[in-house]
Amino acid sequence: MTRFSVVVPTLNETDNIDPLLTRLFALDLPPDSFEVIFVDDGSNDGTPDKVRAWEGRANVQLIERREKPDLTASILAGVAVAHGDVIVVMDADLSHPPERLPALVAPVLDGSHDVAVGSRYVPGGSTEGWPWYRQWLSRVGGWLASPICDVKDATSGFFAFRRDLAATIAENARGYKILLELIMAGQGKLRVVEVPICFRDRTQGTSKLSFIHQWTYLQRLMILAGGTVSVGTASRFAAVGLFGVVVDALLFQWLMSREAGLALAHVSSFFVAAAVNYSLNSKWSFRPHHAGHLRWRQFGRFLTVGIFALLMRGGVLALLVYGWQVPAALAIFPAIAATAAVNYLGSAFYVFPVGQNPPSLDVRWRVASVGVVVFILLLRLIYLGQAQLIPDEAYYWNYAQHMDLSFFDHPPMTAWLIWLGTAVMGNNEFGVRIGAFVCGLVAMGYLYALARNLYDKSTAMRTLLLLAVLPLSFASGMLMTPDAPLLAAWAATLYYMERALVAGRSTAWLGMGIAFGLGILSKYTLGLLGVAALLFVILDPTARRWMRRPHPYLAAALALLLFSPVIIWNSEHQWVSFLFQSQRAKGIGDQFSLHYLFLHMLILLTPMGLLAAVLALLPGSDHDDSQHACRRRLFVRVFTGVPLAVFFGLSLFGSPKFHWTSPVWLMVLPTVAWMMGQAGDRRAIASRLRAIWKPTIIVAIFFYAFALHYAVLGVPGVPYPGFTKHYFWREATSEIEQIAQDVRRQTGQEPIIVGMSRWSVASALSFYNHGGERMEIRSRNVFGDKSAMYDFWSPPPPPTTRPIILVGMEYKHLERNRAGKDLDPMLYQPGPIQYREIMRDNKPLRRVYYRIAQGYLGY
């Protein structure tokens, strides 16, 4: 009785037929338990004759196809005549070891699995004799498939499956990777196991792999992911795109020649070109997927993709024109090219997606997660060096100019990262922020791993989607503040704590000690996780055993050792940092602020995210009553609830800053992401939440992209509001440099510049004081106010007759100090308060206020 059939597609493999069959029939298997079916695709080297020679003496069969050679079609032709209930596919070139056939087919024969894959990329698997470029191509092919397929070796050609599954493969399937077609047709319901094999390069014949095969694989991969992709649509889209480029570029050049400004020119030309492109794409490029008339839902999607591409293009233009000094007339072309991919992929997957046999909801979420995360990362990277520093970043840059073991108001991690970034990339915005970008990647990596450990890969991908779009993390992945390394360390600490406390991995304590130590070097807030860990150990009987082992105590000692620079600095400075932070922990001001805490949560999570987080923490969100599920729920609630409870308590007596709770929500994101994928949950509120997530994500992305474009290029017709007095310090510093030069020329002395804020003005002026002579810049501690680290860096000077230039964001800042004391008695011959209006493209950006005195009398 034939239990399984081995299908071997061939094309000019005459030298490999005899060795292959000899090794197959030498296996310790009953001869009649399997058959070998060769499907030949038009060999001209005598391969069919070699097979026929075996037909009379073994269970061997030959099929000769006359159609165009295609591996998928060949395999399906073999399946059609097979007698076995299980099909094994393998190559004829001996790269797949026949000796592994029994191990490969056993899991399918015994019914424990639906598909078994001979894998090179699981423990025990390997590749021998392949040149590096073939190994690289194989890895890239598997990596590209990984977002939609959980098999590590999705490009394997050696696999077994139930015969009836062949009927699920799409009729238009083609190419050389039928395994991927088979797995994707299962809609995530197949039981798949990977069996390690040693893949060896062929010794006889030549490889049939060509560029056409690789291109076909990419096409099929995108179609399986839900995209409308073909040579026809791609070529028509390219033709329409080229026409749009002409329209876009010509209108842009004309508007620039009329001095319309970079923002107005590129926005106007883009929308005109986009309207032309939509009309032609809907009627021609994607005609099979278009109703033939305007559909508002489809047009809305097209407009969404177009706006995202436009806002990214603004960053590319700013990078080329302002950063690299490329003329705008030339910069428009690479800017158009850079956003063409966004338009095409957005059109293929979102505007005109595949209509027939769409992928499962799970796959669609995965594809959306990949697209959104990649877009957000590109958005950050493009704008990273174009958006000016906010005063906080400039202040921390000053940390890096005065490197020390720690600082008065924060631990040193931010300073260390800025020092490293600027040492490599230079003293510019990109150099300051590259550390934040890397920290964002670290946070993503650890949170992905945590979510995968708690749930599954799909949930982990949706967790990355949430982390990318929710306000709690977008800014920290771009702005170099202590929150950037804090979120990375918080995610890492959660990962290692789950591995140690839930999974019981003793080696995780080392990672936890390092992550915890680096976290409190970033911000003391991470210490709350230590309290949460202690409570979890008390509540969870399984984790309680760690109390009797040395691992947690060694981890705590390691964290303390990493934290020692802060302890040393404080011991040398009368413990001022610890005293300051203990007072600051009570919040800003003595007032009941619980309502503000809820408002801050709405901002950090969005209303949709906050509601989902609350539901995730309530009983009933997960109906799994297994021990693992119960411990998982306890872990999520403890490590979210303990830090949150601390902030609730603090808000009763003070007003914590809105971003302080940002890392608290990292722990609940995997559960929220898991709930998003539970299509079987028929509860009305759960169903409505899933429907609302899509517009929430779109609005969040639009807000980020719009804010970045607005800060860098502006938006035509939209004025800058009053809070921009905290921004545009590059232009403001240029004005102050001009004022200082005038004073220097008039008096013959070097003026002292005093920033009239705690540290914002002095820090921003210091960073942007690049051109001309370096100014001597101090902060308002000159007039008796507290100025954080400026009290250490620049103590008040003695009375002097050197000119003093006071610089402030508001008129009142130049009249009195924070205590309400008049500044005039401290100045010699103080002048009137004046301001300069800062303009760009005939649009007012902000005002900078200044006041000149002929000397300083002390306070």
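**Overall architecture, cores and salt bridges of the predicted model**

The protein exposes about 36,600 Å², and carbon and sulfur atoms supply 62% of this area. The model is predicted. Its C-alpha trace spans about 115 × 75 × 55 Å along the principal axes. The secondary structure comprises 29 helices and 16 strands. Of the 859 residues, 54% count as buried. Contacts between residues at least 6 apart in sequence were also examined: 77% of them join residues at least 24 apart.

The nonpolar interior was considered next. The largest nonpolar core holds 184 residues, and the members that touch the most other members are Leu501, Phe639, Leu666 and Trp693. Helix α18, which covers residues 483–502, gives the most to this core, contributing 15 residues. The surroundings of Leu501 illustrate how this part of the core is assembled. When residues up to four places away in sequence are not counted, Leu501 touches Trp509, Ala533, Phe536, Val537, Ala543, Trp546, Arg631 and Phe639. Phe639 is thus a contact of Leu501 and is also named with Leu501 among the core members that touch the most others. Another core, of 33 residues, lies apart from the largest one; among its members are Val115, Phe159, Ile169 and Met184.

An open sheet of five strands is arranged in the order β11-β10-β12-β15-β14, with mixed pairing. Its edge strands, each pairing on one side only, are β11 (776–779) and β14 (833–840). From one strand to the next, the twist averages 30°. Edge strand β14 pairs with strand β15 (residues 843–853) in the antiparallel sense, over eight bridges. Within this pair of strands, Tyr835 stands opposite Tyr849 in β15. Helix α27 (residues 729–747) packs on the sheet, where it touches β10 (752–755), β12 (804–808), β14 and β15. The direction of α27 makes about 35° with that of β15.

A further helix, α28 (residues 760–768), lies across β10, β11 and β12 and runs at about 160° to β11. Helix α28 is mostly covered, as nine of its nine residues are buried. These buried residues are Ser760, Val761, Ala762, Ser763, Ala764, Leu765, Ser766, Phe767 and Tyr768.

Charged side chains were then examined. Side chains of opposite charge can pair when their charged atoms come close. The structure holds 32 salt bridges. In one of them, the side chains of Glu99 and Arg23 meet at 2.8 Å, N to O. This pair links distant parts of the chain, 76 residues apart: Glu99 belongs to the loop between β4 (86–89) and α4 (101–109), while Arg23 belongs to helix α1 (residues 17–25). Glu99 counts as partly exposed because its relative accessibility is 43%, a value between the limits of 20% and 50%. Arg23 is likewise partly exposed, with a relative accessible area of 30%.

A second salt bridge joins Arg162 to Asp114, with 2.4 Å between the closest N and O atoms. Arg162 lies in strand β7 (residues 159–162) and Asp114 in the loop between α4 and β5 (115–119), so this pair ties together parts that are 48 residues apart in sequence. The two partners fall into separate accessibility classes: Arg162 is partly exposed, with a relative accessible area of 27%, whereas Asp114 is buried, at 5%. The value for Asp114 is under 20%, and the residue is therefore classed as buried.

A third salt bridge is formed by Arg200 and Glu128, whose closest N and O atoms are 3.2 Å apart. Both residues belong to strands: Arg200 lies in β9 (residues 198–200) and Glu128 in β6 (residues 126–128), so the pair ties together parts that are 72 residues apart in sequence. Arg200 counts as partly exposed at 41% relative accessibility, and Glu128 counts as partly exposed at 38%. In addition to such pairs, salt bridges that share partners join Asp150, Asp362, Arg366, Lys457 and Arg462 into one network.

Notes. Residues are numbered from 1 along each chain as its sequence is written. This is a predicted model: local features need pLDDT of at least 70, side-chain atom pairs count only at pLDDT 80 or more; totals for chains, interfaces and linings use all residues. Side-chain values use heavy atoms; hydrogens and water are left out. A salt bridge is a side-chain nitrogen of Lys or Arg within 4 Å of a carboxyl oxygen of Asp or Glu. Helices (H or I, at least four residues) and strands (E, at least two) are DSSP runs, numbered from the N terminus. Buried means under 20% relative accessible area, exposed over 50%, partly exposed in between (1.4 Å probe, protein chains only). A nonpolar core is a set of buried Ala, Val, Leu, Ile, Met, Phe, Trp, Tyr and Cys residues joined through side-chain atoms within 4.5 Å. Contact means heavy atoms within 4.5 Å. Two strands pair if DSSP finds at least two bridges between them. Axes are lines fitted to C-alpha atoms, for helices over the stretch in contact, and angles run from 0 to 180 degrees between N-to-C directions. Accessible areas come from the Shrake-Rupley method with a 1.4 Å probe; for residues, only the protein chains shown count as cover.
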